[in-house]
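Hello,

Here is the structure I promised to pass on. Please open it alongside this note, and my findings follow below.

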Amino acid sequence: MPTSSDSAGRPAQEYLSVRQLTVGYGAAPIISDVSIEVREREIVAIIGPNGAGKSTLLKAMTGRLSPQSGTVVLDGKDVTGAAGYELTRSGVGYVPQHNDVFSTLTVRDNLEMGGYLLPKAEVEHRIGYVLDTFPILKPLLKRSGKLLSGGERKLLGIGRCLVSSPKILILDEPTAALSPSLARTILEDHVTALARAGTTVLLVEQRARQAMEISNWCYVLVAGRVELSSEPRSLLSRPDVGELYLGRPAGPEPDRGPDSVAGDGSTDGGAAVPQVAAGDES
């Protein structure tokens with residue numbers, strides 16, 4: 001049974017709820033009996049060691065994998081097994097760890113793809129909002145996705161999701177392969193700014209300490225099960241959390257790569273093209 005601290009300080013309105021979800025590839029489950037909830041205007045982090053099933057959980061929540069059992073409830077509506085485009089219409093934005101932009105398209109084309117469900121006039125308005133939110137993208141509108149740095153690519157992936165005006169933004173490893181300084185910028189500046197503007201955020205993040213520092217609530221997933229559910233300050237005060245649940249002692253986050261990471265050449269995008277992978281990235 002997971003250990004949970006008092007949730008009395010959380011917002012009352014539950015927006016996304018996962019109840020007793022079991023998901024796998026074939027007969028063997030990767031996650032078992034997982035329950036989490038995300039409340040309006042929160043930042044909620046899911047952390048845990050590699051192989052814990054974090055990405056599998058997000059894929060099941062966003063229509064990329066079909067659960068074996070359990071339910072996903074969005075704003076009071078059962079959306080278990082709903083397709084990605086249906087969830088996009090319902091206000092869910094999803095940015096996967098990999099294939100988060102269309103590498104062969106320009107930045108502007110990527111942003112336009114994010115509004116494929118919207119009227120054209122509204123797409124232009126939303127692109128303007130994204131460019132105001134991430135001004136670094138303004139001079140890059142004609143640049144191909146494959147020529148972007150890692151940070152630029154990640155902001156484009158998030159921006160493409162924002163074009164559809166999501167009520168909840170689900171991020172899978174938004175700082176993967178970025179330097180510590182750029183990772184801090186993504187989490188402490190951009191993610192927190194989105195939450196302050198009213199977007200609910202659920203993120204899976206390997207930089208556990210940094211994720212907890214910006215989050216309102218945290219779940220620790222280990223071997224496919226929720227082992228801890230707590231207000232982050234409680235977890236940060238426990239010296240055993242890093243060793244027992246994250247596979248390393250608590251301390252500064254390691255350097256995970258240079259600021260600039262070339263695109264991988266993929267043409268798949270997270271929001272527009274549902275993905276079903278053969279394994280779990282994290």
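**What I found**

Start with one side-chain pair: S103 and R153 make a polar contact through their side chains, at 3.2 Å. Please bear in mind that this is a predicted model.

Where does S103 sit in the chain? S103 lies in the loop between β7 (92-95) and α3 (107-114). Is S103 buried or exposed? Its relative accessible area is 0%. The cut-off for buried is under 20%, so S103 counts as buried.

Next, look at two helices. Helix α5 covers residues 150-162, and helix α6 covers residues 180-196. They pack at an angle of about 15°. Their axes are 11 Å apart. Angles under 35 degrees count as roughly parallel, so α5 and α6 are roughly parallel to each other. The crossing of α5 past α6 is right-handed.

Which residues meet there? From α5 come G151, K154, L155, I158 and L162. From α6 come L182, I186, H190 and L194.

Now the whole chain. The chain has 282 residues, and 54% of them count as buried. It holds nine helices and eleven strands. Take the contacts with a separation of 6 or more: residues 24 or more positions apart account for 75% of them. The exposed area of the chain is about 11,700 Å². Carbon and sulfur atoms supply 51% of that area.

If you view just two places, make them the S103 and R153 side chains and the packing of α5 with α6.

Best wishes

Methods. Residues numbered from 1 in each chain as written. Predicted model: local features only at pLDDT ≥ 70, side-chain atom pairs only at ≥ 80, totals over all residues. Heavy atoms only, no water. Helix = DSSP H or I, 4+ residues; strand = E, 2+ residues; numbered from the N terminus. Buried < 20%, exposed > 50% of the residue type's maximum accessible area, 1.4 Å probe, protein only. Contact = heavy atoms within 4.5 Å. Areas by Shrake-Rupley, 256 points an atom, 1.4 Å probe, with all protein chains shown as cover. Polar contact = N/O pair within 3.5 Å; in protein donor to acceptor, adjacent residues only side chain to side chain. Axes fitted to C-alpha atoms, helices over the stretch in contact; angles between N-to-C directions. Parallel < 35°, antiparallel > 145°, perpendicular 65-115°, else oblique. Left-handed = near helix turned anticlockwise from the far one by under 90°.
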